[in-house]
Amino acid sequence: MLSSLSPEGQALVTVVTCLAVAYFMLYPALRPRHVSRMGLYDLGVTGVMLLVNGWLFWGTGTRFSLWLFETNWAVFTIVIALLIETPLSLWYMRRNNVRWD
């Protein structure tokens with residue numbers, strides 16, 4: 001199924017899957033109630049996204065479109081993850097009373 005998608009679609013599926021697992025399975029089980037702790041967990045989740053997309057696209061020379069410009073798989077992964085994760089993390093922090101101090 002994944003191979004029938006465009007490279008952008010494949011990378012997007014990786015990002016959405018990792019974030020869904022993190023915010024709906026991992027974070028509720030670990031109960032990070034502080035922003036700094038959640039940030040540490042998020043580094044691991046971002047690392048997994050980069051590892052999977054790196055495994056798929058490293059050395060292929062595939063270019064990814066970010067509407068205004070083309071980029072490589074790593075920049076695409078980080079930008080898309082940031083765009084998707086920002087509202088998701090704000091929702092999670094409000095819903096679970098995550099402390100900012």
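What percentage of the 101 residues in the protein do buried residues make up? In this predicted model, the share of buried residues is 34%. The protein contains three helices and two strands, and these elements follow the order α-α-β-β-α along the sequence. Taken along the principal axes, the box filled by the C-alpha atoms is roughly 40 × 25 × 20 Å. The accessible surface comes to about 6500 Å², and carbon and sulfur atoms account for 68% of that surface. Among contacts with a separation of 6 or more, 64% join residues 24 or more positions apart.

Helix α1 covers residues 7-30. Its 24 residues, at 1.5 Å a residue, should span 34 Å, and the computed separation of its end C-alpha atoms is 32 Å, so the two values agree. The helix has a kink of about 40°, centred on Ala-22. Ala-22 is also one of the buried residues of α1. Others in that group include Gly-9, Gln-10, Ala-11, Thr-14, Val-15, Cys-18 and Leu-19, as well as Tyr-23 and Tyr-27. The cover over the buried residues of α1 includes helix α2 (35-57), strand β1 (64-65) and helix α3 (73-95). After α1 comes Arg-31, which has a positive phi, near 50°.

Strand β1, which forms part of the cover over α1, contains Ser-65. The relative accessibility of Ser-65 is 32%, and because buried means under 20% and exposed over 50%, this residue counts as partly exposed. Leaving aside residues up to four places away in sequence, Ser-65 touches Glu-8, Glu-70 and Phe-76. Phe-76 lies eleven residues from Ser-65 along the chain, and their C-alpha atoms are separated by 7.9 Å. A polar atom of the Ser-65 side chain lies 3.4 Å from the backbone nitrogen of Trp-67.

The aromatic residues were examined next. A pair of aromatic rings is described by the distance of the centres and the angle of the planes. The count comes to eight aromatic pairs. One of the pairs is formed by Phe-57 and Phe-64, with 5.0 Å centre to centre and 85° between the planes. This pair is edge-to-face, because the angle is over 60 degrees. Phe-57 and Phe-64 are both buried. In addition, ring pairs link Tyr-23, Tyr-27, Tyr-41 and Tyr-92 into a cluster. Two members of the cluster, Tyr-23 and Tyr-27, are among the buried residues of α1.

Terms used. Residues numbered from 1 in each chain as written. Predicted model: local features only at pLDDT ≥ 70, side-chain atom pairs only at ≥ 80, totals over all residues. Heavy atoms only, no water. Helix = DSSP H or I, 4+ residues; strand = E, 2+ residues; numbered from the N terminus. Expected span 1.5 Å × (residues − 1). Bend = angle between axes of the 7 residues up to and from the residue. Buried < 20%, exposed > 50% of the residue type's maximum accessible area, 1.4 Å probe, protein only. Contact = heavy atoms within 4.5 Å. Polar contact = N/O pair within 3.5 Å; in protein donor to acceptor, adjacent residues only side chain to side chain. Phe/Tyr/Trp six-rings, centres within 6.5 Å; stacked < 30°, edge-to-face > 60°. Areas by Shrake-Rupley, 256 points an atom, 1.4 Å probe, with all protein chains shown as cover.
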